[in-house]
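Hello,

Here is the structure I promised to pass on to you. Have a look at it first, and then read my notes below.

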Amino acid sequence: MPFFVYILSFGAFVLGTSEFMVAGMMPSLMEAFSISEEMAGGLVSLYALGMVVGGPVLAGVLTREGVSGKRILLGAMGIYTVAQCVAALGDDYGVIAAFRFLAGIAASACLGTSLAMSIESVGSTLSGKASAVVLTGLMLSPVPVSYTHLRAHETG
């Protein structure tokens, strides 16, 4: 398996962790922004909505236009990074929500492109294994959130 497939798996881990980390921060967000639990939880939902709705459309359009997987991945990662930084530094719920949605779109484009690139890099005989390696990163992504949540209960 090319090393680059493991790098894509790590990227999937980061994207997934980012989606779920807000769940562990909900009490702090509720207090900081004086918002309800539903609104704080909405930040997770908006990210997921961006992943479901926007990501496949973005990746599909760019692929149809002939943009290479590498360019899609790098561009989506750039958008993702900026969106996450703005959301993290935001002091307004609306700004955070909008940029979480944008980050979800970029994350989905990254994940779909990562899967396609991993499969292309190994050929048909190892395509299932390459997909599994990339998706392992995504499947492991809730672990830090669970750990953080458990630690908060032990110390709180």
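Let me begin with Ile96, which, leaving aside its neighbours within four places in sequence, is in contact with Phe33, Leu43, Ala87 and Gly90. Before I go further, please keep in mind that this is a predicted model. Ile96 sits in helix α5. Its relative accessible area is 6%, under the 20% cut-off, so Ile96 is buried. You can also find Ala83 from there: Ile96 and Ala83 are 13 residues apart in sequence, and their C-alpha atoms are 8.9 Å apart in space.

One of the contacts of Ile96, Leu43, leads us to helix α3, which covers residues 37-64. This helix has 28 residues and reaches 40 Å from its first C-alpha to its last, close to the 40 Å expected at 1.5 Å a residue. Where does α3 bend? The bend is at Gly54 and amounts to about 40°, with a proline, Pro56, following within four residues. Gly54 is also among the buried residues of α3, which include Gly41, Gly42, Gly50 and Gly55 as well. Others on that list are Ala40, Leu43, Val44, Tyr47, Met51 and Ala59. The buried residues of α3 pack against α1, α2 (26-33), α4 (69-89) and α5 (93-122). After α3 comes Gly66, with a positive phi near 90°.

The pairing of α3 with α1 is worth a closer look. The axes of α1 (residues 3-24) and α3 come within 7 Å and cross at roughly 155°. An angle over 145 degrees counts as roughly antiparallel, so that is how α1 runs relative to α3. On the α1 side, the contact is made by Leu15, Ser18, Glu19, Val22 and Ala23. On the α3 side, Ala40, Leu43, Val44, Tyr47, Ala48 and Met51 take part. What is the make-up of this contact of α1 with α3? Its residues divide into 9 nonpolar, 1 polar and 1 charged.

Next, the loop between α2 and α3, where two residues caught my eye. Ser34 lies in this loop, and its phi is positive, near 50°, although the residue is not a glycine. Most residues other than glycine have a negative phi. Is Ser34 buried or exposed? Ser34 counts as exposed, because its relative accessibility is 67% and the cut-off is over 50%. Ile35 is in the loop between α2 and α3 too, but at 12% relative accessibility Ile35 counts as buried. Not counting residues up to four places away in sequence, Ile35 touches Leu29, Met30, Ala40 and Tyr93. With Tyr93, the separation is 58 residues in sequence and 8.6 Å in space, C-alpha to C-alpha. Ala40, another of these contacts, is one of the buried residues of α3.

Towards the other end of α1, take a look at Val5. Val5 is found in helix α1 and is buried, with a relative accessible area of 0%. Which residues does Val5 touch, not counting those up to four places away in sequence? They are Ser118, Ser121, Ala130, Val133 and Val134. The C-alpha atoms of Val5 and Ile119 are separated by 8.9 Å, although the two residues are 114 residues apart along the chain.

Three of the residues touched by Val5, namely Ala130, Val133 and Val134, are among the buried residues of α6, as are Ser131, Gly137 and Leu138. Helix α6 (residues 127-140) has 14 residues and reaches 20 Å from its first C-alpha to its last, close to the 20 Å expected at 1.5 Å a residue. Thr136 lies in α6 too, but at 38% relative accessibility Thr136 counts as partly exposed. Its C-alpha atom is separated by 29 Å from that of Gly66, 70 residues apart along the chain.

That is what I have for now. I hope you enjoy going through it.

Best wishes

Methods. Residues numbered from 1 in each chain as written. Predicted model: local features only at pLDDT ≥ 70, side-chain atom pairs only at ≥ 80, totals over all residues. Heavy atoms only, no water. Axes fitted to C-alpha atoms, helices over the stretch in contact; angles between N-to-C directions. Parallel < 35°, antiparallel > 145°, perpendicular 65-115°, else oblique. Contact = heavy atoms within 4.5 Å. Nonpolar A, V, L, I, M, F, W, Y, C, P; charged D, E, K, R; others polar. Expected span 1.5 Å × (residues − 1). Bend = angle between axes of the 7 residues up to and from the residue. Buried < 20%, exposed > 50% of the residue type's maximum accessible area, 1.4 Å probe, protein only.
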